[in-house]
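This note is meant for a colleague who is opening the structure for the first time. Its points go through selected residues, helix contacts and backbone features in turn.

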Amino acid sequence: MPSSRRAILRHILSGICTKMNRTKSVPTDVMETPLNRCLNTFDIALLGIGHMVGAGIYVLTGTVAKEMAGPGIILSFILAGFISMLAALCYAEFGTRVPKAGSAYVYTYISMGEFWAFVIGWNILLEHMLGAASVARAWSGYVDSMLGGWIGNTTLELTGGIHEPGLAQYPDVLAFLVCIVYAAALAGGVKATAVFNSLLTLVNIAVMVLVISVGFWYADGKNWSEAEGGFLPYGIGGVIAGAATCFYAFVGFDSIATSGEEAKNPSVSIPVATVISLFVVTVGYILVSAALTLMIPISEINPAASLPEAFGQLNLSWAKYLISIGALCGMTTTLLGSLFALPRCMYAMASDGLLFSCFGKINPTTQVPLLNLVVSGVMSACLALVFDLAKLVEFMSIGTLLAYTIVSASVIILRYRPMERIHTTIRVPAVAGSPDDDDDDDEDEASQSSMDTSSPTSEMIEEVLAGRLKAQFRCLEPLLGRFEPGSVVSVAVMLFIFLSFAICVELKVSWTQLYTGTWWALIIYGFIIFAASTCVAVIAVHNQNTRGLIFKVPLVPFVPALGIFCNILLMVHLDAVTWVRFFVWVCIGMVVYFLYGIRNSKEGEVCSSYSILMTTSEAGKVPWGSFKATPGGKKSSKHTIFERFTGRSKPEDKKSIVEESENETSGYS
């Protein structure tokens, strides 16, 4: 009897593990969607710029320059922009591979499985809610500073203030109303939103150009002199701390990938818009920071409204009011970006069955998920009402960094995974009467011609060799060649993430011992670095599968691996209380997933014939705990748990590459 109970328990647990690790199957026509495909490259680029250029440039610039880095804020923005670019390249590749709403959630679902996809999706929801709430607080605070603090003082007189740790000093009613009003404005449809966003973004860019031009005209090099503290008054540590804060200013480019399901030609628009928007924003941040710190000494910067006050000190009142208008426009576009992405992430998760089905409905008139928009607006407004801006920003960072880490890892895993069918270029139907039809057709034809350059033989060879050792490293076959193609890379990526976390913790905890050359710290640190480097080397000796990718991340696996390390480095330096809040939010998500999502997942239904991103070996596997016989009438061979995890095959099941390629050739003929 006890043995029967153990067998039943093993059956149940193996079934749960199978469900948690199932990957998303993408239909052949990924362009089919109930959403409105009406956005061109220009619209998407301005959406990304508008989402990034807001509170970061008008609020964080003054705070970081005065309290963290001084004029070294320029280096902080360069470092933060570089780290963001590493993640943005990975988002761009995925955006061309799978042009669906949901961003990092969808990408993780395809590559790493359902459980990790839900964790990422759940945290993306929190990220965008906190992003909208934090920008609403910044918007309100900016208006309050322009009015001399009248809003804050009046609210304190009426309510008496809030005296709880972690909460704001007073309930911000204006921030609450701003979230509600802009959420209602988004209900008009994506094209109207894009036009409104584009106008505000152009105004914002014009104001940035004005700030840079006038700022450098009135620049004084003495403000960077030793008398004022020098270029790095807080040292290199201040630059790194400033970069962690400036990273918040670049949060928002993932809204470009989120808009992939509403883009006319996502395979071209997503990567182009991502690179353009991030380049423009980084250059703008660097020049504005340089202008600010050259105009006035850092000791005279007002963190609440740094740019208007700086021009006010130079008796340029006309510039002060123009900058205030640009600041409100910039923060408005950032708020619109968060409220734009949040309902679509909820829609993507609900469409897959992981969230309640009511969030998967689209209004037939506006082609917008209206219920999601209402819930998003109300929840963001409630957060903006009672929470402090600094706490919102810090809490938001951890979810963003985790999403960036998983997306970078997913790029590596999919690059080395042998695919049953390659994700080919999709012909995008032209929109009648659109002025961009000719341009889109030219882009599509160029994309198609770039896809037709390889012969069937080269395509077959690349598919067969994907995930296997390169010819020059065949000597490692006895050690690494005994596993299924792609499985060694997946394990190496997981180990690299763990070792990167260990390196970052070691840097934070034992920095003094490392700096002074303590022998035990050097040995531990050296061993961990060697192990992490070995993981990257193991990944690099395998063949990639890049067919069907119009845009590719360069230097894989090195660029995504560097992005993983940098993101983890910033995560480790977050406050411990932030980690506690993060785990509480994740625990709430686990309740939702195990009580609802795992039971209602669409991937739990009968598998469709569309499995373009599932490996051939995975498609033929029998689920854990299943007693289903194989097509030959025999029961499937037994494997240990280790073999199931690593994908290791038994010797009699292995075939040489030559035999497999011969079988593939006969299949083509």
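**Notes on the structure**

1. Thr-282 has its place in helix H12, which covers residues 266-295. The model is a predicted one. The relative accessibility of Thr-282 is 15%, so this residue counts as buried, the limit for that class being under 20%. Once neighbours within four places in sequence are set aside, the contacts of Thr-282 are with Phe-77, Gly-81 and Phe-250.

2. The overall composition may be stated next. The protein has 27 helices and zero strands. It has 669 residues, of which 55% count as buried. Its exposed area is about 29,000 Å², and carbon and sulfur atoms supply 67% of that area. Among contacts with a separation of 6 or more, 85% are between residues 24 or more positions apart.

3. Ile-162 offers an example from a loop, namely the one between helix H7 (150-159) and helix H8 (173-186). Is this residue buried, exposed or partly exposed? With a relative accessibility of 23%, Ile-162 counts as partly exposed. Leaving aside neighbours within four places in sequence, Ile-162 is in contact with Leu-167, Ala-168, Gln-169, Tyr-170 and Pro-171. In addition, its C-alpha is 8.4 Å from that of Val-386, although 224 residues separate the two in sequence.

4. The next pair to examine is helix H6 (residues 114-146) with helix H14 (residues 317-351): their axes are 9 Å apart and the packing angle is about 160°. H6 is therefore roughly antiparallel to H14, since angles over 145 degrees fall in that class. The two helices make a left-handed crossing. Sorted by class, the residues of this contact are 23 nonpolar and seven polar, with no charged residues.

5. H6 also packs against helix H15 (residues 370-386), with the axes 8 Å apart and an angle of about 50°. This makes H6 and H15 oblique to each other. Their crossing is right-handed. On the H6 side, the residues involved are Met-129, Leu-130, Ala-132, Ala-133, Ala-136 and Arg-137. These meet Met-379, Ser-380, Leu-383, Ala-384 and Leu-385 of H15. By class, the contact of H6 with H15 has nine nonpolar residues, one polar and one charged.

6. Further along the chain, how do helix H20 (residues 487-509) and helix H23 (residues 558-572) cross, and within what distance do their axes come? The axes come within 9 Å and cross at roughly 45°. H20 and H23 are therefore oblique to each other. The crossing of H20 past H23 is right-handed. H20 contributes Phe-496, Ile-497, Ser-500, Phe-501, Ile-503, Cys-504, Val-505, Leu-507 and Lys-508 to the contact. From H23 come Ala-561, Ile-564, Phe-565, Ile-568, Leu-569 and Val-572. In terms of class, 13 residues of this contact are nonpolar, one is polar and one is charged.

7. The loop between helix H22 (519-540) and H23 deserves separate inspection; Pro-557 has its place there. The peptide bond that joins Val-556 and Pro-557 is cis, with omega about 15°. Leu-555 lies in the loop between H22 and H23 as well. Phi of Leu-555 is near 55°, which is a positive value in a residue other than glycine. The relative accessible area of Leu-555 is 63%, so this residue is exposed, the limit for that class being over 50%.

8. A further positive phi, about 60°, is found at Asn-315, which is not a glycine. Asn-315 has its place in the loop between helix H13 (306-313) and H14. Where does this residue stand, buried or exposed? Its relative accessible area is 70%, and Asn-315 is therefore exposed.

Methods:
Residues numbered from 1 in each chain as written. Predicted model: local features only at pLDDT ≥ 70, side-chain atom pairs only at ≥ 80, totals over all residues. Heavy atoms only, no water. Helix = DSSP H or I, 4+ residues; strand = E, 2+ residues; numbered from the N terminus. Buried < 20%, exposed > 50% of the residue type's maximum accessible area, 1.4 Å probe, protein only. Contact = heavy atoms within 4.5 Å. Areas by Shrake-Rupley, 256 points an atom, 1.4 Å probe, with all protein chains shown as cover. Axes fitted to C-alpha atoms, helices over the stretch in contact; angles between N-to-C directions. Parallel < 35°, antiparallel > 145°, perpendicular 65-115°, else oblique. Left-handed = near helix turned anticlockwise from the far one by under 90°. Nonpolar A, V, L, I, M, F, W, Y, C, P; charged D, E, K, R; others polar.
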